[in-house]
Amino acid sequence: MFQVRIHGRGGQGVVTAAEMLSVAAFEEGRHAQAFPSFGSERTGAPVVAFCRIADTEIRLREPIMVPDALIIQDPTLLHQVDVFAGLRPDGYILINTNKSFEELGLADFVKSHRAERLRTVSATDLALKHVGRPVPNVPLLGGFAAVSGIIRLESVIKAINDRFSGKVAEGNIAAATEAYKIVQMEMEAAHA
Amino acid sequence: MLKQIEGSRAVAEAVALCRPEVICAYPISPQTHIVEALGEMVKEETLTDCEYINVESEFAAMSVAIGASAAGARSYTATASQGLLFMVEAVYNASGLGLPIVMTVANRAIGAPINIWNDHSDSLSQRDCGWIQLFAETNQEALDLHIQAFKLAEELSMPVMVCMDGFILTHAYERVDMPTQEQVDAYLPPYEPRQVLDPNEPVSIGAMVGPEAFTEVRYLAHAKQMQALERIPQLATEFNSVFGRDSGGLIHTYRTEDADTIVIAMGSVLGTIKDTVDAMRLPENGGHRIGVLGITSYRPFPLAAVADALKNCKRFVVLEKSLAVGIGGIVATDVRMAVTGMGLKGFTVVAGLGGRAITVKSLTALFEKAMRENLDLVTFLDLDWKAVNKQLEREKARRRTGPVAEALLRDVGVVGARNY
Amino acid sequence: MSFQPVKFYQTGTFTVGNRLLAPEERSVQASAKRFNSINSGHRACQGCGEALGARYAIDAAMEATDGQLVAANATGCLEVFSTPYPETSWQIPWIHSLFGNTAAVATGIAAAIKVKRKKGEQTQDVRVVAQGGDGGTTDIGFGCLSGMFERNDDVLYICYDNQGYMNTGVQRSSATPPAARTATTMAVGPEPGNVFGQGKFVPAIALAHDVPYVATATVADLRDLEAKVRRAMEIRGARYIHILVPCPLGWGTASQETIHMARLAKETGIFPVFEAEHGEITSVLPIRRQMPVEDYLKPQKRYAHLFGKQPNVTVIARLQAMADRNIKRYGLLGQGER
């Protein structure tokens with residue numbers, strides 16, 4: 001079972017991200033479970049959502065305590081909320097930012113985790129560019145597909161079409177695709 | 001057809017397939033997505049021949065359902081927590097009159113203190129009102145139970161409550177197999193009322209009944225639930241033959257055949273318990289002989305089925321999201337009635353109140369203690385004794401201690417800094 | 001000799017009002033074919049205004065709907081005396097649910113009928129009437145009533161107002177007038193009886209909801225009551241009729257004085273009788289010969305503490321002022337328009 005925890009703030013589409021991730025996994029014939037942290041949601045407040053992906057029925061209902069991957073939609077949370085709690089040593093981290101891990105004050109992570117699994121992408125900028133709204137969740141899913149390989153980009157696109165339509169869907173697909181390519185290129189460069 | 005959708009959405013679609021004629025709803029977290037989806041379906045006319053009424057309170061919701069059902073319409077509503085309590089007079093009225101209303105209860109704690117998260121206190125507060133109460137373990141079972149509920153309610157002329165964990169199930173996206181309209185039509189015939197308001201055959205419904213006949217009328221309600229004990233497993237079998245899966249019934253057992261210790265619970269927590277039990281059964285973890293009994297039909301309470309499931313074990317743990325203030329467990333009390341004279345050791349564990357997460361970690365430690373019979377009769381799982389004792393000390397020290405909730409929230413720290 | 005038209009004032013009685021009127025103007029009660037929706041054998045008190053009002057109102061509704069009517073009834077005097085276990089005096093489909101939910105139950109019945117007709121399972125145009133006393137309407141049933149109004153559900157709600165919770169022993173409701181003695185507003189102390197400055201006139205609140213039809217009536221003008229019910233049944237949507245029904249026991253009046261007391265309530269201006277559509281008053285049943293409120297209060301034991309050796313002229317004057325205000329506000333002395 002692969003467990004993803006998504007952190008962000010209310011209004012950034014954190015819950016939608018988890019749901020769409022589960023739909024993407026479903027499109028690949030896998031079982032997936034997505035649920036929010038059920039806190040008092042208000043715009044700007046820290047929000048957490050969870051997504052589990054597996055090949056058999058998922059029965060577990062507890063919040064994700066030991067994530068395999070983290071998606072951090074808002075870097076201002078980094079030193080406010082313990083977003084990294086329980087992350088596995090070989091876990092994936094994808095942060096929505098145009099800074100590097102070092103610039104974010106997370107140099108220690110680079111040392112203690114697998115560097116190629118720690119990525120950033122300017123998802124908010126991509127969202128603004130392609131969709132016209134600063135909601136980073138969908139581009140981050142594209143980037144996540146690239147860094148983790150747990151879902152394919154095509155599945156993310158299917159999930160986008162499931163949730164959105166028309167121009168909004170097109171824009172989201174473009175943003176997710178560009179995020180995917182950016183992260184993929186960075187990973188290839190790191191390997192080279 | 002397989003779908004990846006929110007639990008609420010799954011329930012709404014299942015209810016729509018049952019061809020409801022009157023839906024009346026008042027919004028309350030965490031049921032809102034169900035009634036919103038149904039409202040949308042009626043408005044965009046994908047659900048036809050159905051009146052959707054926006055009522056002004058939950059009391060009105062149940063009352064509108066009573067009127068509609070008495071006039072021969074298949075009626076549905078949904079609520080939770082405070083809303084269920086607000087309609088209690090009408091809830092008793094519906095079962096007293098024998099009207100086959102189906103209601104979803106998106107289980108949520110009852111205040112004060114106000115709490116929007118999941119536990120079973122709402123449904124269980126109504127365990128004696130005469131409604132049949134079914135508890136869903138997964139979103140698949142939740143949608144399936146609604147289809148079975150309409151059939152059961154209408155056959156018996158008794159209302160049915162389908163209970164599903166608020167947020168944990170209602171707001172979770174997971175895979176469900178949504179039936180087709182043909183399948184549902186094959187299983188659920190149109191509503192044929194036992195009593196109906198009809199100018200062609202006038203009757204008076206709701207007359208006063210004196211001491212001469214009241215006991216008999218109440219006994220008949222009890223007799224109906226005894227009939228339900230027979231009918232519920234049959235309906236599940238019939239369901240299986242039409243829809244191709246095992247859903248509903250009185251109880252579900254998991255690895256109980258050779259178990260020394262059996263954990264009993266209701267609702268979504270059963271999934272987490274099963275994962276815990278599977279891990280504990282692994283040879284490298286001790287190979288413990290531990291099993292799980294899930295109660296699906298809480299009312300009528302399946303005394304015989306529970307006794308049968310526990311007949312070979314040594315001890316049982318009832319893990320419930322409910323508290324009988326002043327005694328201990330609610331479900332546990334019913335289970336104890338089932339196993340009277342069987343010589344089993346039983347433990348009550350109150351867990352998950354107000355939405356507190358129940359984790360594999362906590363359950364593992366708990367079950368290990370249970371297997372060693374090293375548990376109190378009543379245990380409050382993961383209770384913060386430090387905070388409780390601090391408050392008790394405070395109350396001993398002075399009179400004006402202020403609202404309890406505020407004091408405790410200050411003691412456990414700022415909630416916002418935690419993840420969940 | 002020129003033809004001289006004769007005007008009959010007392011068209012509300014069985015003698016003059018019916019034999020000498022054209023058939024279509026006669027009271028429903030005059031017909032041998034009347035429905036007797038609430039049949040004889042009910043256990044109402046001698047002189048009960050509510051039984052009288054209900055009989056006229058529901059038979060008129062049955063006639064207007066050709067017998068296609070379902071009634072929902074609140075807990076209260078009418079429900080209790082009409083269904084004494086194990087009998088029922090109702091000849092029509094009737095449901096009693098709870099005290100405070102009658103309007104909502106009626107909404108549900110109307111919705112069911114609507115769906116059944118839409119599906120073609122039912123062809124008859126069955127209508128719904130909800131009925132309750134003042135307690136079940138102005139107090140505990142108020143939320144559901146307002147909800148029904150707001151949604152414009154196709155229900156006629158009839159309130160039988162005897163100004164107190166009579167069935168449970170004459171307790172005060174929000175319809176109890178100031179100074180009246182009830183079991184919870186006893187005629188003792190510095191302000192005996194119900195206090196001033198409280199109370200609720202639901203017809204005015206119904207007007208504020210802008211529903212298609214609102215009317216008040218009394219059991220003194222039974223033909224007027226029948227006509228209003230008939231008018232109401234011509235209309236679809238939320239409708240409200242509020243009938244003043246004196247209660248001999250609760251008001252402390254002689255049982256043969258019920259109709260007379262209702263007439264006095266109207267003729268003093270204490271109870272305004274009018275019709276309205278969508279929040280606008282369309283007609284008024286005018287005061288024929290204005291009377292001072294004292295004439296209305298004196299025969300009622302519930303106001304006995306205002307009289308005696310030293311009449312409470314202040315309170316009586318305040319009650320007169322209320323009547324005068326009604327007369328002015330509703331134009332009760334003017335010519336009514338229909």
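This passage looks at how the chains of a predicted model meet, and then at one helix of chain C.

Let's start with who touches whom. There are 2 pairs of chains in contact, and chains B and C share the most contacts. Chain A and chain C, on the other hand, don't touch, and their nearest C-alpha atoms sit 30 Å apart. Chain B has a contact with chain C and another with chain A.

Take the B–C contact to begin with. It draws 37 residues from chain B and 40 residues from chain C. On the chain B side, five elements each chip in at least two residues: strand S2 (22–25), strand S3 (51–54), helix H3 (58–70), helix H5 (88–97) and strand S9 (204–205). H3(B) makes the largest contribution to this side, with 9 residues. Sorted by class, the residues of chain B that touch chain C come out as 23 nonpolar, 8 polar and 6 charged.

Strand S9 of chain B, one of the elements on this side, also pairs up across the chains. It is joined by 2 bridges to strand S2 of chain C (residues 94–96), and the two strands run parallel. One residue to look for here is Ile205(B), whose bridge partner in S2(C) is Ile95(C).

Now for the contact between chains B and A. Here chain B puts in 24 residues and chain A puts in 23 residues. Strand S8 (173–177) and helix H10 (269–281) of chain B each supply at least two residues of the side facing chain A. The top contributor on that side is H10(B), with 5 residues. As for the kinds of residue, the side of chain B that touches chain A splits into 11 nonpolar, 9 polar and 4 charged.

Finally, chain C has its own helix H10, which spans residues 258–268. This helix is mostly covered, with 9 of its 11 residues buried. Among the buried ones are Met261(C), Ala262(C), Leu264(C) and Ala265(C), but the list also takes in Arg263(C), Lys266(C) and Glu267(C). Thr258(C) and Thr268(C) are buried too. What does the covering of these buried residues include? Other parts of chain C do the job, including helix H2 (49–64), helix H9 (248–251), helix H11 (293–297) and helix H12 (313–330). Strands take part as well, namely S5 (213–218) and S6 (239–244) of chain C. Just past the end of H10(C) comes Gly269(C), which takes a positive phi of about 90 degrees.

Methods:
Residues numbered from 1 in each chain as written. Chains lettered and ligands numbered in written order. Predicted model: local features only at pLDDT ≥ 70, side-chain atom pairs only at ≥ 80, totals over all residues. Contact = placed C-beta atoms within 7 Å. Helix = DSSP H or I, 4+ residues; strand = E, 2+ residues; numbered from the N terminus. Nonpolar A, V, L, I, M, F, W, Y, C, P; charged D, E, K, R; others polar. Pairing = 2+ DSSP bridges. Buried ≥ 20, exposed ≤ 12 C-beta atoms within 10 Å, placed from the backbone.
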